[in-house]
Amino acid sequence: DIDQRKVTAREDLVQAKARVAQLEAELKIQPTLTNKAIESADTAYKTAVQARDQLTRTTQPLERTNAETELREAQSGHQIAQSELTRRQDLLAKGFVAQRSVEEARLTVDQAKARLARAEERMNRLDMQQKLELQQADERVRQSSADLERAKANGIQDLVKRKEYESAVAAMRKSEIALRDVESLQRSRDQQMATVRQFKSVVGE
């Protein structure tokens, strides 16, 4: 049926034009989206690299220096406290000091021992902590580098969008031709019907 074909052809053309309009808008904005994605990924990558460099060059060395200093001070304090306890114990044996003086020295040794234990624990924990921090920093660099490469690779979307647009335009042209063909058929049919009516009118006379 020509009338139904005409309706269908018009609907197809409307859809084709809408598709072209949509892709035309996307085509205009696609390069901007691509550039922004690349810039964002590049910034994230540079930030990750800088953070890792600061970690390895400044943060971790400073933490290790502080921990080593604390450990040395704790070791020295413990040795001094132990020497003082020994000295007072000798003096107590000779009757030169009271028992209370020895107990005070023993308390100082206990405190120094606790401080030393904390410093040693911090030093041991620091090795594992810094190793984990470096692994995480390396992973962030690796991930951001991969994201940057993907963003650059997605630049192909500019070309893909262009191809989609050209294909949609071609489809729209076909829909226009199809509609014209149907309209031509309709005009031909109308002319034939008019001719038949005219002929019948003439015969009737």
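**Salt bridges, helices and nonpolar contacts in the predicted model**

Glu104 is joined to Arg100 by a salt bridge in which the closest N and O atoms lie 3.6 Å apart. The structure described here is a predicted model, and the values that follow were computed from it. Because Glu104 and Arg100 are 4 residues apart in helix α2, about one helical turn separates them. The two partners fall into separate accessibility classes: Arg100 counts as exposed, at 63% relative accessibility, whereas Glu104 is partly exposed, with a relative accessible area of 41%.

Glu104 also takes part in a salt bridge with Arg88, for which the N to O distance is 3.9 Å. This pair links distant parts of the chain, since Arg88 belongs to helix α1 and Glu104 to helix α2 (residues 99-153), with their positions 16 residues apart in the numbering. On the α1 side, the side chain of Arg88 is in polar contact with the side chain of Glu84, at 2.8 Å. Glu84 is itself a residue of helix α1 and, at 24% relative accessibility, is classed as partly exposed. These residues belong to a network of salt bridges that links Glu84, Arg87, Arg88, Arg100 and Glu104. Elsewhere, the C-alpha atom of Glu84 is separated by 97 Å from that of Ala170, a residue 86 positions away along the chain.

A search of the whole structure identified 18 salt bridges. One of them is formed between the side chains of Asp3 and Arg189, with an N to O distance of 3.6 Å. This pair, too, links distant parts of the chain, Asp3 being located in helix α1 and Arg189 in helix α3, 186 residues apart. Both residues fall between the limits for buried (under 20%) and exposed (over 50%), and are therefore classed as partly exposed, with Asp3 at a relative accessible area of 37% and Arg189 at 25%.

Helix α1 spans residues 2-93 and contains a kink of about 45°, centred on Leu55. Just after this helix, Gly95 adopts a positive phi of about 80°. Ile38 is also placed in helix α1 and is partly exposed, at 24% relative accessibility. Between the C-alpha atoms of Ile38 and Asp190, which are 152 residues apart along the chain, the separation is 60 Å.

With regard to nonpolar contacts, the largest nonpolar core comprises 13 residues, of which Val20, Tyr165 and Met172 touch the most other members. At least two residues of this core are supplied by each of α1 and α3, and the greatest contribution comes from α1, with 7 residues. In soluble globular proteins, nonpolar side chains tend to be buried together. Nonpolar residues are nevertheless also found at the surface of the model, where Ile156, Leu159 and Val160 make a nonpolar patch of about 230 Å². Of these, Ile156 lies in helix α3, which covers residues 156-204. The relative accessible area of Ile156 is 45%, and this residue is accordingly partly exposed; a residue may join such a patch if its relative accessible area is over 30% and it has no salt bridge.

Terms used:
Residues are numbered from 1 along each chain as its sequence is written. This is a predicted model: local features need pLDDT of at least 70, side-chain atom pairs count only at pLDDT 80 or more; totals for chains, interfaces and linings use all residues. Side-chain values use heavy atoms; hydrogens and water are left out. Patches are made of residues with over 30% relative accessible area and no salt bridge: like charges are joined within 9 Å, nonpolar side chains (Val, Leu, Ile, Met, Phe, Trp, Tyr) within 5 Å. Accessible areas come from the Shrake-Rupley method with a 1.4 Å probe; for residues, only the protein chains shown count as cover. A salt bridge is a side-chain nitrogen of Lys or Arg within 4 Å of a carboxyl oxygen of Asp or Glu. Buried means under 20% relative accessible area, exposed over 50%, partly exposed in between (1.4 Å probe, protein chains only). The bend at a residue is the angle between axes fitted to the seven residues ending there and the seven starting there. A polar contact is a pair of N or O atoms within 3.5 Å; within protein, one must be able to donate a hydrogen and the other to accept it, and residues adjacent in sequence count only if both atoms are side-chain atoms. A nonpolar core is a set of buried Ala, Val, Leu, Ile, Met, Phe, Trp, Tyr and Cys residues joined through side-chain atoms within 4.5 Å.
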